[in-house]
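Work through the exercises below with the sequence and the model open. Each task is followed by a solution in steps.

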Amino acid sequence: MKENNHAEEKNKHTEDSVEGEKTVSLKEPEYLKLKEDAQKASEYWDKLLRLQADFENSRKRMEKERQDFFKFANEGIILELLNILDDLERAVELAQEKHQDQAAFLKGVVMILAHIYGLLKNNGVKPIESEGKLFDPHYHEALMQAENKDLPEHTIVEELQKGYLLNDKVIRTSKVKVSKKLGEEQK
């Protein structure tokens, strides 16, 4: 009899299968829960795809903005330099016309220099203080030495070329002449 029941179940299982598909029996609450979970999974998948697309679009937009920033970052300083260039061109024109007013010409050049210094200062550039200071290889480059009995050794005697800092970072060292002790035979 057991064999008969087993055979009936096997036949029933075969009858429920249609062309390789199997039928599964579930209680209605389980079926509804699975259906709800499948719907949620589908919604989450759609959200994931949208978020990935949004992220990719944002990444591309940020990359373009970064490229544009580097491309046009110096626009403000270039506009100020163009104003200075205009002033210099006017000064050259006046000099070429052989105006004899050297005082006015010099005053114009001094004004242009002041404009340049203002531009540099506004952009975080400042000169390195050198003369009378102790030599510091981080800020100064010694090009010459001069014997001097009145100053301590390694004191900057003369600045040959100004050095500059950009936001406290050295962008050009000062070229200087440094004091040294008198030789033993000269004492």
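## Exercise 1: Histidine 154

Histidine 154 has a relative accessible area of 41%, so it is classed as partly exposed. This comes from a predicted model.

Task: Find where histidine 154 sits, describe its backbone and list what it touches.

Solution.
- Step 1. Histidine 154 belongs to the loop between β2 and β3.
- Step 2. Its phi is near 70 degrees, a positive value in a residue other than glycine.
- Step 3. Leaving aside residues up to four places away in sequence, histidine 154 touches Lys133, Leu134, Phe135, Val178 and Ser179.
- Step 4. One of these partners can be followed through the sequence: histidine 154 and valine 178 are 24 residues apart in sequence, while their C-alpha atoms are 5.4 Å apart in space.

## Exercise 2: Threonine 155

Task: Decide whether threonine 155 is buried or exposed, and name its contacts.

Solution.
- Step 1. Place the residue: threonine 155 lies in the loop between β2 (140-147) and β3 (156-161).
- Step 2. The cut-off for a buried residue is a relative accessible area under 20%. Threonine 155 has 5%, so it is buried.
- Step 3. Not counting residues up to four places away in sequence, threonine 155 touches Gly132, Lys133, Leu134, Lys177, Val178 and Ser179.

## Exercise 3: Aspartate 168

Task: Classify aspartate 168 by its accessible area and give the sign of its phi.

Solution.
- Step 1. Aspartate 168 is found in the loop between β4 (164-166) and β5 (169-172).
- Step 2. A residue counts as exposed over 50%. At a relative accessible area of 60%, aspartate 168 is therefore exposed.
- Step 3. The phi of aspartate 168 is positive, near 70 degrees, in a residue other than glycine.

## Exercise 4: Helix lengths

Task: Check the end-to-end distances of α3 and α4 against a rise of 1.5 Å a residue.

Solution.
- Step 1. The expected span is 1.5 Å times one less than the number of residues in the helix.
- Step 2. For α3, with 22 residues, the expected span is 32 Å; the end C-alpha atoms are 31 Å apart, which agrees.
- Step 3. For α4 (residues 102-122), with 21 residues, the expected span is 30 Å, and the end C-alpha atoms are 30 Å apart, which agrees.
- Step 4. Look past the helix ends. Lysine 98, just after α3, takes a positive phi of about 60 degrees. Glycine 124, which follows α4, has a positive phi near 85 degrees.

## Exercise 5: The largest pocket

Task: State how much space lies in the largest pocket and which elements line it.

Solution.
- Step 1. The largest pocket holds about 330 Å³ of space.
- Step 2. The elements giving two or more residues to its lining are α3 (75-96) and α4.
- Step 3. The largest share of the lining, 8 residues, is from α4.
- Step 4. The lining has 15 residues, with Ala91, Leu94, Ala104, Phe105 and Gly108 nearest the centre of the pocket.
- Step 5. By type, the lining residues divide into 8 nonpolar, 4 polar and 3 charged.

## Exercise 6: The chain as a whole

Task: Summarise the order of elements, the burial and the contacts of the protein chain.

Solution.
- Step 1. The protein chain has 4 helices and 6 strands, in the order α-α-α-α-β-β-β-β-β-β from the N terminus.
- Step 2. Of its 187 residues, 11% are buried.
- Step 3. The accessible surface is about 16,200 Å², and 55% of this belongs to carbon and sulfur atoms.
- Step 4. Taking contacts between residues at least 6 apart in sequence, 61% join residues at least 24 apart.

Notes. Residues numbered from 1 in each chain as written. Predicted model: local features only at pLDDT ≥ 70, side-chain atom pairs only at ≥ 80, totals over all residues. Heavy atoms only, no water. 1 Å grid on protein atoms, 1.4 Å probe; cavity = no way out; pocket = protein on both sides within 12 Å on 5 of 7 lines; lining within 4 Å. Points joined across faces, edges and corners; volume = space filled by probe spheres on them. Nonpolar A, V, L, I, M, F, W, Y, C, P; charged D, E, K, R; others polar. Buried < 20%, exposed > 50% of the residue type's maximum accessible area, 1.4 Å probe, protein only. Contact = heavy atoms within 4.5 Å. Areas by Shrake-Rupley, 256 points an atom, 1.4 Å probe, with all protein chains shown as cover.
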